Amino acid sequence: MKFTLQAKDRQSKARAGAIETAHGTIETPIFMPVGTAGTVKAVHQHELVRDIGAQIILGNTYHLYLRPGLDILNRAGGLHRFNGWDKPILTDSGGYQVYSLTEVRKIKEEGVTFRSHIDGSKHLFTPENVVDTQRIIGADIVMAFDECTPYPCDYQYAKRSLDMTHRWLKRCCDRFDHTQPLYGYEQTLFPIVQGSVYRDLRERSAETIAAFGRDGNAIGGLSVGEPAEEMYAMTEVVCNILPAEKPRYLMGVGTPVNILENIALGIDLFDCVMPTRNARNGMLFTRQGIINIKNKKWEADFSPIDAESDLLADRVYSKAYLRHLIRSQEILGAQIATLHNLHFYLWLVGEARKHILAGDFREWKNKMVAQLDERL
């Protein structure tokens with residue numbers, strides 16, 4: 001993997017760059033649609049490319065490990081061949097999913113034992129077998145195994161967890177460096193900064209992660225319930241330490257405003273289930289603000305979903321029709337809303353990149369932030 005820094009904003013820490021992988025180049029800043037179980041819900045691969053403009057998607061190690069399972073993925077030749085996506089893929093390590101299984105997992109130095117949410121069967125994730133699993137999945141960018149601490153989190157617990165995450169990272173790197181990719185192309189490993197919302201822990205973690213000298217770095221444990229101001233403060237602390245010549249990935253973030261504010265702090269990659277999950281529940285993100293399409297005010301609004309958009313579905317279908325579909329729980333409603341939200345997120349990061357290159361990002365960002373949270 002190769003990262004080229006192409007431009008920096010003069011009035012913020014925003015940057016534009018390009019990440020070259022075996023499956024193509026990613027222009028940053030970028031948003032990665034989440035394809036948890038090998039699919040971005042309600043969207044075909046050709047729609048991801050042509051309508052949404054996705055350059056990279058995310059898969060989840062925990063879910064793919066359980067279903068379809070490693071044997072099927074290996075026999076298919078990896079996730080790219082299994083799901084027909086020929087652009088870059090990033091996999092998270094499953095650490096966040098294990099964190100969310102509070103009632104059915106146990107964390108030890110060896111790794112994490114947990115019970116499947118599907119059938120209750122017992123499994124063990126270790127730093128070593130999580131790397132092996134991501135080798136089999138075949139993602140271009142793979143994540144180190146970490147513990148994602150909750151919010152709020154006791155300082156002493158956060159400190160013990162951080163120390164273990166760093167020990168696990170050493171084991172992940174050793175395993176990664178002593179194994180080979182399986183499908184004829186290179187993969188790269190990103191460590192993950194943790195430390196909850198404690199400045200000293202975040203600083204120590206960022207310094208430790210940077211010292212490993214990997215090709216890129218991730219920031220985890222944010223967007224787990226903490227106030228946005230805490231997220232921004234921790235992101236700024238970490239970005240001031242992580243090397244500028246390597247891409248920075250803020251995991252699981254977030255709203256359109258979160259994304260713009262974190263781009264301004266120096267983040268390059270984002271992912272979040274919000275645009276797809278909220279779409280299925282009738283929430284649309286637009287450049288003027290947020291629409292709850294279930295509200296009665298849209299019942300007889302026959303104007304296009306978004307007349308300013310270049311997405312065909314936004315111009316062909318009306319707000320009234322989409323409201324009808326969502327309220328009737330028609331599958332097409334989820335598809336249209338998902339296309340809209342993902343297209344908007346990719347439009348947003350694409351515009352951010354244009355304004356970074358043009359040198360007026362901060363002014364544009366401040367104007368957009370004032371609009372994006374408005375309830376229409």
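In this predicted model, Asp92 touches Leu58, Gly59, Asn60, Thr61, Gln97, Gln134, Met143 and Met251, leaving out residues up to four places away in sequence. Asp92 sits in strand β6, which runs over residues 89-92. Its relative accessible area is 11%. Asp92 is therefore buried, as the cut-off for that class is under 20%.

The UniProt record, an unreviewed entry, marks Asp92 and Asp271 as "active site". The two positions span 180 residues in sequence, yet their C-alpha atoms are no more than 10.4 Å apart, so they gather at one spot. Both Asp92 and Asp271 belong to the lining of the largest pocket.

Asp271 lies in strand β15, residues 269-271. This residue is buried, with 8% relative accessibility. Beyond its neighbours within four places in sequence, Asp271 contacts Phe31, Met32, Val34, Leu58, Tyr249, Leu250, Met251, Gly252, Val253 and Gly254. Leu58 and Met251 also appear among the contacts of Asp92. The side chain of Asp271 comes to 2.9 Å from the backbone nitrogen of Gly252.

Salt bridges were examined next. Side chains of opposite charge can pair when their charged atoms come close. The model holds 15 salt bridges. One of them joins Arg353 and Glu27, with the closest N and O atoms 3.6 Å apart. This pair links distant parts of the chain. Arg353 is in helix α14 (residues 331-358), and Glu27 is in strand β3 (residues 24-28), 326 residues apart. Arg353 is buried at 11% relative accessibility, whereas Glu27 is partly exposed at 39%.

A salt bridge also connects Arg204 and Asp163, where the closest N and O atoms are 3.0 Å apart. Here too the partners come from distant parts of the chain. Arg204 belongs to helix α8 (residues 199-211) and Asp163 to helix α7 (residues 155-177), with the two positions 41 residues apart in sequence numbering. Arg204 is partly exposed, at 30% relative accessible area. Asp163 is partly exposed as well, at 22%. The pair is part of a network of salt bridges that links Lys159, Asp163 and Arg204.

Helix α14 also contains a local pair. Lys354 and Glu351 form a salt bridge, the closest N and O atoms being 3.2 Å apart. They are 3 residues apart in helix α14, so about one helical turn separates them. Lys354 is exposed, with a relative accessible area of 52%. Glu351, in contrast, is buried at 15%.

Technical notes. Residues are numbered from 1 along each chain as its sequence is written. This is a predicted model: local features need pLDDT of at least 70, side-chain atom pairs count only at pLDDT 80 or more; totals for chains, interfaces and linings use all residues. Side-chain values use heavy atoms; hydrogens and water are left out. UniProt positions are given in the numbering used here, feature names are shortened, and annotations may be inferred rather than shown by experiment. On a 1 Å grid over the protein atoms alone, a cavity is a set of points where a 1.4 Å probe fits but cannot get out, and a pocket is an open set with protein on both sides within 12 Å along at least five of seven lines; lining residues have an atom within 4 Å of a point. Helices (H or I, at least four residues) and strands (E, at least two) are DSSP runs, numbered from the N terminus. Buried means under 20% relative accessible area, exposed over 50%, partly exposed in between (1.4 Å probe, protein chains only). Contact means heavy atoms within 4.5 Å. A polar contact is a pair of N or O atoms within 3.5 Å; within protein, one must be able to donate a hydrogen and the other to accept it, and residues adjacent in sequence count only if both atoms are side-chain atoms. A salt bridge is a side-chain nitrogen of Lys or Arg within 4 Å of a carboxyl oxygen of Asp or Glu.
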